[in-house]
Each structure stands twice: as C-alpha cells, then as structure tokens.
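Thank you all for coming. Please take a moment to look over the sequence and the structure before I begin, and keep both in view while I talk.

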Amino acid sequence: MPHHRTSRLAALAATLALVTGVALAAPSHADDPVPGRLLLMLDASGSMKKPDPSGLTKIEAAKKALTAVVGALPEGSQVGLRVYGATVDSNGKPTKAACADTQNVVPVGALDRPALTKAVSRFTAVGETPIAYSLQQALADLGPTGKRNIVLVSDGEESCVPDPCPTVKKLVADGVDLQIDTVGFAVSGKARAQLQCIADAGRGTYYDAKDADALSASLGKLSQRALRPFTVSGTPVVATETAETAPVLRPGQYTDSFALGTAPRYYEVQRAAGSTMRLSLTARPPANPDDYSTERLDVTVTTADGRRCGNDNALRFDPGRRTEAVVSQIRVDGPKDDSDTDPCHTATSLRVSVDRPKGVDQAVPVEVVYIEEPAVTGADALPPTLEPTGVEPFIAPASGAGETVVGGGGFSDALTLTPGTYRDTILPAEQIFYRVRLDWGQRAALTVDAPEPGEKLTLGSTSYTGFAVDVYAPDRAVLTRTSGEPRNAGSLGPAGTSLQLTEYTPEVRWANRRAFGNGAYSFVQLRKASLAGYHYFAVGRTYEPDGEDSAAPVDIRLRVSVEGTPTGAPQYAGAVSTSGPSASPSPTPSTSATPVASGPAREEDDGSPWPLVAGGGLVALLGAGGVLYALRRGRATAQPPGGSQA
C-alpha cells in the first residue's frame with residue numbers, strides 16, 4: 001500500500017476512534033483541559049441562625065446541603081471550602097476583627113471528602129458578612145493560574161467595606177480567569193441585587209434558593225458545572241492570517257481560539273478523492289451583559305482558486321442572555337458520479353476561512369471537528385430520500401417515575417441515554433447536553449416536562465423563564481425545527497404552570513442528503529439527517545434575574561424514545577484497516593470518555609460502534625453534536641452553483 005494511502009487510512013481510523021469512542025489502529029493522545037479549581041464559600045453570619053421554611057435553621061440547612069454536595073463531587077476534583085462570619089461575635093457591629101472573620105477551612109486540592117465533611121459539621125453561625133474581604137482572600141486559595149470557580153452562598157448583603165461588586169469588577173478587569181456564581185438563600189431587596197451584581201461582575205450567574213431543598217439543588221448543580229464546564233478538546237492548532245500558510249487538517253478533532261473582529265483566519269482541509277467533507281466549529285462564548293448577547297461565527301469553504309463551495313453564518317442573538325453554544329457546520333460532497341467535474345466535489349484540498357465579527361470582547365476557545373465520509377458504492381439501492389411531508393411528529397412516552405441523572409456541560413461530556421424516563425435539574429442560563437445513538441433507519445425524540453409532574457413552580461407577577469430543546473446530527477449539523485408542532489420552545493410565566501417540549505429527528509437515511517420539497521419538517525434540515533451515530537439533544541433555559549422566583553432551580557422530566565429497525569446501511573468504498581500502521585503523520589484526535597447513566601432504565605453503553613461492516617467498508621460514523629436555539633438563531637447559508645451544503 002502506498003505511504004500516502006496508509007497515512008490516509010490511519011487518519012481516518014483516528015477519526016473513527018474519535019467519533020465512536022473505540023480505539024482503532026491509529027493511537028490517540030489526550031489533550032485534556034486543565035481541571036477547574038472550585039472554592040465553596042459559605043456565609044456563617046449571625047443571620048443564618050434564622051429558621052428555614054423546611055423547619056431547620058438556615059445554617060443547618062446549609063450544612064446539610066454542603067454535606068450532600070461533598071458526597072456527590074466527582075473523584076479527582078480540585079475543591080476547597082472557605083467560611084466567613086463563623087468565629088467573631090461583635091454583637092452586630094462591623095468591627096475590624098469581625099470584618100476580617102474569614103477562614104480557609106479546607107485548602108483547594110484533591111477531593112478529600114472526610115476533611116470537607118468534618119469541616120462542614122464544625123462551624124456555627126456567629127458574626128458579620130465580610131463578602132468583599134473573603135473574595136479577595138479566595139484568590140490566594142485558588143492559586144495564580146488556570147480556571148478558577150467560586151460558588152458563594154449568602155443570606156444577606158455585605159456588612160463591612162468595601163462594596164464587593166466593584167471589588168469583583170476590578171479583579172476581572174485585571175485579567176483574572178475567574179467565575180463567581182452566587183446563591184441567595186431566602187434573600188430579597190438589596191441583598192439579592194448585590195449578589196446578582198457580584199455574579200454579573202464575576203462572569204457567573206445568580207440563583208435563588210428559597211429553602212433547603214432549593215439550596216441543595218443549586219449547590220449540587222453549580223459545583224458539578226464548575227468542575228465540568230463546557231470545554232473544547234482536541235489537538236491544538238492555530239489558523240493563520242494567510243491561506244498560503246494555513247495548517248493542514250486531516251480527519252480528527254482540534255482546538256483553536258478566535259478573538260473578536262480580527263481578520264479572517266485560515267485552515268486547509270485535505271480529503272481522499274471521492275470523499276465528503278463534514279466540518280464544524282463550535283464555541284460557547286459567555287453572555288455579554290451589556291447587550292443582547294449577540295455572537296456570530298462565520299465559516300466559508302473554497303477551492304484554492306477561490307470558488308466558494310459552502311458557507312455558514314451561525315448567529316446567537318438572545319435577549320434572555322442564554323449562553324448556548326454557537327455552531328457553524330459545512331458539508332461539501334464528493335463527486336455525484338464519474339461525469340461530475342465540479343471542482344468543489346473533486347478537489348482533495350479545500351480552504352476554510354473563519355471570522356468572528358460579533359460577540360463578547362475576548363478570545364474564545366473553539367472546537368474544530370473534521371469528519372471525512374468515504375464514497376458509497378451502490379447508493380441507488382439504498383432506502384430512498386424521505387419526503388419532508390413524511391416526517392411525522394414524534395412525542396416520547398413516559399415510563400415510570402424516572403431515574404435521576406446529571407447531564408453534561410457540553411458535547412464532550414454529554415450523557416448517553418437510551419429509551420426511558422429520567423429526571424434532571426436545570427438552572428437559569430444553563431444548557432444541559434445528552435446524546436442518543438441512532439442506527440441507519442432509526443429516529444429519536446426527546447420530550448421534556450418542565451417542571452416535572454408533581455412539582456409546583458410558583459412564579460410571581462414579574463417572573464418569566466424560557467426553555468428550549470435542540471438537536472444536532474453527529475457532525476453537529478442542526479436538526480432543530482424552527483416551527484411546527486409539538487413545540488420545542490416556550491416559557492413559564494404567572495399564567496402558566498407547566499410546559500411539554502419535544503424535539504425529534506427524521507429517520508436517518510444516507511439518501512436524505514438529496515432531500516427537496518416542502519413539508520412539516522424543513523427539507524434543509526432533512527438533508528442533514530444523513531449520518532448514523534450519536535445525535536445530541538440539549539435542554540436550555542433563559543437567564544431572567546429580575547423576576548420573582550425566576551432564578552430558582554427547576555426539576556424537569558426527560559423522556560427518550562427511539563423508533564425504527566436498523567436498515568439501509570451504506571457500503572463505503574475502501575476498507576479502513578483496524579490492524580494496520582499505528583502512526584499517522586497528521587495530528588490525532590483527542591478522545592474523552594462520555595459518562596453513561598447507570599441503572600435499569602438503559603442498556604450498558606460499551607462505546608462500541610454499530611455492527612455495520614459491509615463489504616469491508618466501515619459504516620458506523622458516530623460523531624459529536626452541538627446546540628443552538630431555534631427561536632433565537634439567525635443562520636444564513638449561501639449555496640453557490642456546484643457547492644454542497646446541507
């Protein structure tokens with residue numbers, strides 16, 4: 001076998017290892033992000049002696065919640081605990097000693113459950129509320145570098161000086177990589193506004209906890225999210241400002257970073273003759289509190305001589321200040337037949353330009369995924385293209401009470417679900433990721449009840465909270481419907497007490513890429529349901545801090561259903577050897593384990609590809625997915641003559 005063919009197969013094997021989670025011949029190396037460091041900060045001031053609606057005092061409720069959080073933290077976490085107001089009783093006067101009453105009771109380090117549990121049990125509610133001074137000391141607790149997270153719980157406002165909000169703004173302005181989430185425990189008025197301000201200044205989110213149960217839910221989710229945030233993973237690569245010097249991408253997963261408003265930067269993509277290129281770029285920039293959280297990521301693919309083969313302009317415009325992912329995805333097909341001479345279809349080298357013209361004014365990490373789909377033999381014998389009118393609405397039924405799960409913070413740690421019923425908790429501005437594996441000939445639905453049946457969500461006259469469900473194909477192409485029934489987005493307000501939202505996929509067929517026509521399901525979306533593998537669902541919620549009770553956690557019920565018998569697997573030309581050479585000249589992708597919910601509600605996910613090997617051609621291409629809200633998304637896709645964009 002010629003060396004270039006060997007290299008190509010090794011690179012493709014690496015891609016299959018990436019998207020299936022199975023190690024093939026080509027090795028992969030992890031390029032995991034540095035783990036986040038989390039500091040839990042708790043108010044132990046005298047006001048925490050007051051009763052909680054649950055029948056406990058606030059301090060007892062807080063200790064109970066913290067103990068539960070410690071028990072649920074993942075192994076290997078870097079976690080510490082700081083308490084303020086726990087030792088100096090100044091009889092309600094903010095003395096110098098009382099305003100310096102803050103202790104790092106468990107230093108940030110590898111998770112030590114016994115030490116944390118013991119420390120939590122010891123403290124009592126005594127003194128003042130020195131929030132600003134405690135936050136200044138917290139930076140030393142977290143170390144000088146890396147991603148640092150603080151989860152601050154308080155039942156009152158600052159009782160000393162200075163004001164904590166300007167203090168946090170200065171820390172962030174000085175370039176500290178810090179995120180501060182705040183939880184107001186049964187607060188209102190000035191205290192609530194101050195905690196909101198701290199969260200906004202600290203690039204975090206404010207949450208309400210009106211009782212012990214809400215506090216436990218908020219603390220648990222915030223801690224897990226801080227330790228497992230949305231991250232990008234893959235082999236580092238740097239796009240260049242000139243196309244002639246662009247780095248070459250072969251099948252795999254990469255990471256890069258893009259600043260705001262700079263000149264377009266370039267990659268070169270190489271593919272085997274006859275193959276289809278599937279390329280996606282995913283980012284999740286923070287919300288911009290000063291505007292409507294507008295974010296845009298433009299990607300264009302051309303031939304070397306400038307002929308445009310496809311482009312995608314992903315726009316996030318969100319007055320609700322969601323922090324959903326922004327995904328640009330392009331597919332460029334290979335030749336339709338031997339007579340097809342379109343350079344976009346025949347070129348084995350294509351140029352990719354990336355531009356970020358709008359967004360928060362800071363560089364954001366971007367994940368680049370390149371899947372190369374080999375040519376198919378006998379395509380005419382495969383199941384025909386679905387008609388858009390034939391995509392029937394799909395609502396997943398409920399079965400049982402549901403197992404409690406914790407969804408992922410992004411695509412790389414999306415929770416694998418099989419058909420069944422589950423329960424999760426969603427916080428304001430949160431986006432939770434799940435994935436469902438689909439074979440050729442199958443389709444899936446995720447139905448969400450918000451709040452879950454039996455739960456009451458009491459909203460005040462000024463409250464509002466919105467939800468949305470989105471779905472992406474294995475190559476991160478958006479499949480979300482922008483209209484139609486059953487609905488996939490809605491909001492809870494004073495007049496509404498519950499929502500039922502559903503998102504579903506069409507039946508996955510190779511020939512769907514040729515879809516055209518009108519119907520309840522857009523043919524543009526239908527074209528993207530042309531690759532088997534993991535399909536990603538995301539449940540998102542708005543950030544509405546000003547409404548009464550709208551910043552509280554909400555329990556939701558998830559129903560997952562899969563229909564169809566596996567059929568119609570294409571035969572890809574050219575076998576991918578799983579016992580061939582072990583080296584690849586191109587960067588190899590980073591693989592990361594995806595957590596699988598345990599319990600009787602689902603099968604064991606062993607990460608194996610579908611058993612779909614026909615004629616020596618691997619036909620299981622299981623990919624990563626992304627998310628974008630349908631009702632808040634603007635997307636313009638240009639399709640020049642000869643280009644292939646689905």
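I will go from the overall make-up to a strand, a pair of helices, an open sheet, and then a few individual residues.

Let me say at the outset that what you are looking at is a predicted model. In this model the protein has nine helices and 31 strands, and of its 646 residues 59% count as buried. If we take the contacts between residues at least 6 apart in sequence, 79% of them join residues at least 24 apart.

I would like to begin with strand 4, which covers residues 148-154. Is this strand mostly covered or mostly uncovered? Strand 4 is mostly covered, with seven of its seven residues buried. If you turn the model so that you can follow its two faces, you will find R148, I150, L152 and S154 on one side, and N149, V151 and V153 on the other, and these residues are all buried.

As for its partners, strand 4 runs parallel to strand 1, residues 37-43, and six bridges join the two. Within that pairing, L39 stands opposite I150 of strand 4. Strand 4 also pairs with strand 5, residues 178-185, again in the parallel sense, and here there are seven bridges. In this second pairing R148 stands opposite L178 of strand 5. As general background, strands of a sheet pair through backbone hydrogen bonds, either parallel or antiparallel.

From there we can move to the helices. Two packed helices are described, in general, by the angle between their axes and the distance between the axes. For helix 4, residues 131-142, and helix 5, residues 164-173, that angle is about 25° and the axes are 8 Å apart. Because angles under 35 degrees count as roughly parallel, helix 4 is described as roughly parallel to helix 5. The crossing of helix 4 and helix 5 is right-handed.

Which residues make the contact? On the side of helix 4 they are I131, A132, L135, Q136 and L139, while helix 5 contributes P164, T167, V168 and L171. Sorted by character, the residues of this contact comprise seven nonpolar, two polar and no charged.

The loop between strand 4 and helix 5 holds a detail that is easy to pass over, namely P162. The peptide bond that leads from V161 to P162 is cis, and its omega is near 5°. A second cis peptide bond to point out joins A450 and P451, with omega about -10°. P451 lies in the loop between strand 22, residues 443-450, and strand 23, residues 465-472.

I mention these bonds with a general rule in mind, which is that most peptide bonds are trans and that most residues other than glycine have a negative phi. The second half of that rule brings me to two more residues. A186 is not a glycine, and yet its phi is positive, near 55°. You will find A186 in the loop between strand 5 and helix 6, residues 189-201. R476, which is likewise not a glycine, has a positive phi of about 75°, and R476 sits in the loop between strand 23 and strand 24, residues 489-492. As to their surroundings, A186 counts as partly exposed at 37% relative accessibility, whereas R476 is buried, with a relative accessible area of 1%.

Elsewhere in the model there is an open sheet of five strands, whose order is 7-9-16-11-14 and whose pairing is mixed. Its edge strands are strand 7, residues 235-236, and strand 14, residues 326-332, and each of these pairs on one side only. Strand 7 runs parallel to strand 9, residues 252-258, and two bridges join them. One bridge to look for is that of T235, whose partner in strand 9 is Y254.

The last residue is P51, in the loop between strand 1 and helix 2, residues 58-72. Is P51 buried or exposed? At 66% relative accessibility it counts as exposed, because the cut-off for that word is over 50%. The C-alpha atoms of P51 and D211 are separated by 9.9 Å, although their positions lie 160 residues apart along the chain when one counts from one to the other.

That is where I will stop, and I am happy to take questions.

Conventions: Residues numbered from 1 in each chain as written. Predicted model: local features only at pLDDT ≥ 70, side-chain atom pairs only at ≥ 80, totals over all residues. Heavy atoms only, no water. Axes fitted to C-alpha atoms, helices over the stretch in contact; angles between N-to-C directions. Helix = DSSP H or I, 4+ residues; strand = E, 2+ residues; numbered from the N terminus. Parallel < 35°, antiparallel > 145°, perpendicular 65-115°, else oblique. Left-handed = near helix turned anticlockwise from the far one by under 90°. Contact = heavy atoms within 4.5 Å. Nonpolar A, V, L, I, M, F, W, Y, C, P; charged D, E, K, R; others polar. Buried < 20%, exposed > 50% of the residue type's maximum accessible area, 1.4 Å probe, protein only. Pairing = 2+ DSSP bridges.
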